[in-house]
Amino acid sequence: MSTTTKRTGGTIEISPRNPADQSACIVLSHGLGDTAEGWADVAEHLASKMPYIKFILPTAPTQPVTMNGGFPMPSWYDITGLDERSNENCEGILESKNTILQLLQTEHSRGLPYSRMMLAGFSQGGALSLFVGLQMPSVEQKLAGIVAMSGYLPGAKQFNLTPGLEETPILHAHGTADPVVRFELAQKSKEFLKEKGAVNYEVKSYAGMVHSACPEEVEDIRAFIEKVLPHDLDSCIKPKSPSEMSVKELREAIRNAGLGSKAVGLMEKHEFVKLLQDHQNGKL
């Protein structure tokens, strides 16, 4: 089983080369001022260990950030400060929540259950993952888990844990020497969410680690993912085989696979079918 990487605008998708091998999905959100590219290497590493998972890495919209003097940068929501009072409004967070929900809905429309999806993120992206993952619209959309790296719970004043999501597994990985998002914010986030009803929240500390990630943390995240989101053949997406697709569907599948340049000059349906089959079988 192998993977393929596709870049569309600011979004990166790392998927099983054969769509029928996909049995899970993780949306991985970057931190303040970063883009999807900042976490592509980590996602590709995790995908190499768990090639049945599709990783989706979106890029936040560029907008002014009050904490940084109003300077525009990729940001999931405005940050006025990281103290508890400043962290109440988070202007723009509902729009970003809808962006993440739409990504999950798209995967669900392809036949993947929400129970086979996870949210993960670093710093502001980890904060967004907690905010969205524990406020899914209904218990039927309960996720397999949430990973927050060096994050915190944002918008506590407007947060309400969706009934039925109390047991959602959460791994909160955080460096004890983080000068940006202090380690105590991880502990306070856990305490707040436990008061709201969360019962499966683990804070894992990394001695001396600042506002970054480390190999030990990535390995712990891999182990957590494999525990809550193991490969499940019964959950594999069942797409049409290339031979069953119309020419229109073939063209779309070829475009989505990033094979547009290889399709130039092809005219007959059997040529499109062969191109897509060769890609899915790792012959290209």
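Across which strands does helix 4 lie? In this predicted model, helix 4, which spans residues 183–196, lies across strand 9 and strand 10, and its direction runs at about 170° to that of strand 10. The sheet to which these two strands belong is described next, followed by the helices, the hairpin and the empty spaces.

Eight strands form an open sheet, in which the order is 1-2-4-3-7-8-9-10 and the pairing is mixed. The edges of this sheet are occupied by strand 1 (3–8) and strand 10 (201–206), each of which pairs on one side only. On average, and with direction ignored, neighbouring strands of the sheet are turned by 15° against each other. At one end of the order, strand 1 runs antiparallel to strand 2 (residues 11–16), and six bridges join the two; within this pairing, Thr4 has Ser15 of strand 2 as its bridge partner. Helix 3 (residues 124–133) also packs on the sheet, where it touches strand 3 (24–29), strand 7 (117–122), strand 8 (145–149), strand 9 (170–175) and strand 10, and its direction makes about 145° with that of strand 7.

A separate pairing is found between strand 5 (residues 62–65) and strand 6 (residues 71–74), which run antiparallel and are joined by four bridges. The bridge partner of Pro64 in strand 6 is Pro72. The two strands form a hairpin with five residues between them, and in the turn Gly69 has a positive phi of about 70°.

Helix 6 (residues 247–256) and helix 7 (residues 269–280) form a contact of their own, with axes that come within 10 Å and cross at roughly 35°. The crossing of helix 6 past helix 7 is left-handed. On the side of helix 6, the residues that meet helix 7 are Val247, Leu250, Arg251, Ala253 and Ile254, while helix 7 contributes Lys269, Phe272, Val273, Leu275 and Leu276. When these residues are sorted by class, the contact holds eight nonpolar and two charged residues, with no polar ones.

Helix 6 and helix 7 also take part in the largest pocket, since each is among the elements that give two or more residues to its lining, together with strand 1, strand 2, strand 4 (53–57) and helix 2 (93–109). The space in this pocket amounts to about 750 Å³, and 26 residues line it, of which Pro19, Lys54, Arg110, Ala253 and Asn256 lie nearest its centre. Helix 6 supplies four residues, the largest share of the lining. Ala253 thus appears in two settings, as one of the helix 6 residues that meet helix 7 and as one of the residues nearest the centre of the pocket. By class, the lining of the pocket divides into ten nonpolar, seven polar and nine charged residues.

The structure also holds one cavity of 30 Å³ or more, and about 80 Å³ of space lies in the largest cavity. Its lining is made up of Ile26, Leu28, Trp39, Val42, Leu46, Phe55, Ala120, Val147, Met149, Ile221 and Ile225. At least two of the lining residues come from each of strand 3, helix 1 (40–49), strand 8 and helix 5 (215–228). The lining of this cavity has eleven nonpolar residues and neither polar nor charged ones, whereas the lining of the largest pocket includes seven polar and nine charged residues.

Methods. Residues are numbered from 1 along each chain as its sequence is written. This is a predicted model: local features need pLDDT of at least 70, side-chain atom pairs count only at pLDDT 80 or more; totals for chains, interfaces and linings use all residues. Side-chain values use heavy atoms; hydrogens and water are left out. Two strands pair if DSSP finds at least two bridges between them. Axes are lines fitted to C-alpha atoms, for helices over the stretch in contact, and angles run from 0 to 180 degrees between N-to-C directions. Contact means heavy atoms within 4.5 Å. A crossing is left-handed if the near helix is turned anticlockwise from the far one by less than a right angle, and right-handed if clockwise. Ala, Val, Leu, Ile, Met, Phe, Trp, Tyr, Cys and Pro count as nonpolar, Asp, Glu, Lys and Arg as charged, and the others, Gly among them, as polar. On a 1 Å grid over the protein atoms alone, a cavity is a set of points where a 1.4 Å probe fits but cannot get out, and a pocket is an open set with protein on both sides within 12 Å along at least five of seven lines; lining residues have an atom within 4 Å of a point. Grid points are joined across faces, edges and corners, and a volume is the space filled by probe spheres set on the points.
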